[in-house]
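Biologist: Please take a close look at one part of this model and describe how its pieces pair and pack. I would like a connected account that starts from the strand pairing and then moves outwards.

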Amino acid sequence: MDKIPSFGSRLRRNIVTVPEIIEQCSGISVFGQVLKSFLFSTDVAIIRNTNANAIIAVYPFTPQPVISNALILAADKPIFCGVGGGLTTGMRSLELAIHAEFQGAMGVVLNKPTPNSLIAELKEKIDIPVTITIVSDKDDIRGRIKAGVDIFNVSGASKTTDIIKRIKDINPDVAILATGGKSEETIFEAIEAGANAISYTPPSTGELFKEIMTRYRDE
């Protein structure tokens with residue numbers, strides 16, 4: 001393969017790069033764009049300074065339109081927004097998902113407790129992919145598929161590869177986004193198990209600043 005021409009910037013060379021091994025997965029094609037790497041973040045500064053293909057913006061608070069608006073406005077790449085499914089569910093999740101689509105989100109993400117009936121209802125109301133988070137191979141995978149889920153977001157810690165294999169045994173064609181863990185080895189294991197795309201958790205801005213400040217002090 002020919003070498004890919006590369007263009008950068010003196011000012012933008014310090015970006016958050018995802019592990020190159022992620023390029024080995026197939027990717028998930030969404031509206032003609034092949035997405036292999038998803039950055040797991042709601043930090044606007046990091047979202048604007050990464051080479052990841054897409055952003056998965058899920059946070060441990062009640063989803064709010066003002067947050068999704070800010071993230072979608074700031075992002076220069078596709079963004080998948082969290083719309084609840086746990087404490088925030090039913091009509092509120094549905095309205096959040098519709099709002100996210102109208103604002104420009106490429107997909108929505110639901111939490112593990114989401115009932116299958118909400119997935120089915122979302123599929124009728126929105127025209128962007130519905131992603132459901134899976135944390136155990138005991139989750140109702142068949143029910144999720146029957147309800148029409150588009151992408152499984154597998155986040156099972158050490159059990160991630162087992163969950164991926166379980167999903168693929170049930171339906172080898174369903175799309176899987178999986179957490180890659182903290183090493184290239186765990187990312188490779190997830191890809192080998194059948195993950196189509198990998199989510200990567202970047203260092204915090206505090207950790208990144210620590211590296212910069214250490215360098216400044218040594219100069």
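**Strand S7 and its surroundings**

Modeller: Strands S7 and S8 run parallel to each other and are paired over 4 bridges, and within that pairing Ile132 has Phe152 of S8 as its bridge partner. I should say at once that the model is predicted, and that what follows is a reading of that model.

S7, which spans residues 130-134, is mostly covered, with 5 of its 5 residues buried. The cover extends to both faces of the strand, since Val130, Ile132 and Ile134 are buried on one side while Thr131 and Thr133 are buried on the other. Strand S8, made up of residues 151-154, shows a comparable arrangement in which Ile151 and Asn153 point one way, Phe152 and Val154 point the other way, and all are buried.

S7 also pairs with S6, again in the parallel sense, here over 3 bridges. In this pairing Val109 is found opposite Thr131 of S7, and Thr131 belongs to the side of S7 that carries Thr133 as well.

Helix H4, covering residues 116-125, brings its own buried residues to this region, namely Leu118, Ile119 and Leu122. Viewed down the axis of H4, these buried residues fall within an arc of 105 degrees, so they line one face of the helix. An α-helix has 3.6 residues a turn, so residues three or four places apart point the same way. On the other side of H4 the picture is reversed, for Ser117 and Glu124 are exposed there. As to what the buried face meets, the buried residues of H4 pack against strands S6 (107-110) and S7, and also against helices H3 (90-103) and H5 (141-147).

H3 links this account to helix H2, because it is among the elements that cover the buried residues of H2, together with helix H1 (44-47), strand S4 and strand S5 (79-82). Within H2, which runs over residues 65-74, those buried residues are Ser68, Leu71, Ile72 and Ala74.

S4 leads on to further pairing. This strand, residues 54-57, runs parallel to S3 and is joined to it by 3 bridges, with Phe40 standing opposite Ile56 of S4. S3 (residues 37-40) is also paired with S10 (residues 197-200), in the parallel sense and over 3 bridges, and there Ser37 has Ile198 as its bridge partner in S10.

S10 also offers a reference point for a residue that is remote in the sequence. Gln24, in the segment before strand S1 (28-30), is separated from Ala197 by 173 residues along the chain, yet the two lie 9.3 Å apart in space from C-alpha to C-alpha. Leaving aside residues up to four places away in sequence, Gln24 touches Phe188 and Ile191. Even with these contacts Gln24 is classed as exposed, because its relative accessible area is 52% and the class begins over 50%.

Lastly, the surface itself has a nonpolar patch, formed by Phe209, Met213 and Tyr216, which together have about 330 Å² of accessible area. Phe209 sits in helix H8, residues 205-218, and counts as exposed because its relative accessibility is 53%. The contrast with S7 is plain, as 5 of the 5 residues in that strand are buried.

Terms used: Residues are numbered from 1 along each chain as its sequence is written. This is a predicted model: local features need pLDDT of at least 70, side-chain atom pairs count only at pLDDT 80 or more; totals for chains, interfaces and linings use all residues. Side-chain values use heavy atoms; hydrogens and water are left out. Patches are made of residues with over 30% relative accessible area and no salt bridge: like charges are joined within 9 Å, nonpolar side chains (Val, Leu, Ile, Met, Phe, Trp, Tyr) within 5 Å. Accessible areas come from the Shrake-Rupley method with a 1.4 Å probe; for residues, only the protein chains shown count as cover. A salt bridge is a side-chain nitrogen of Lys or Arg within 4 Å of a carboxyl oxygen of Asp or Glu. Helices (H or I, at least four residues) and strands (E, at least two) are DSSP runs, numbered from the N terminus. Buried means under 20% relative accessible area, exposed over 50%, partly exposed in between (1.4 Å probe, protein chains only). The arc is that of the directions from the helix axis to the C-beta atoms. Contact means heavy atoms within 4.5 Å. Two strands pair if DSSP finds at least two bridges between them.
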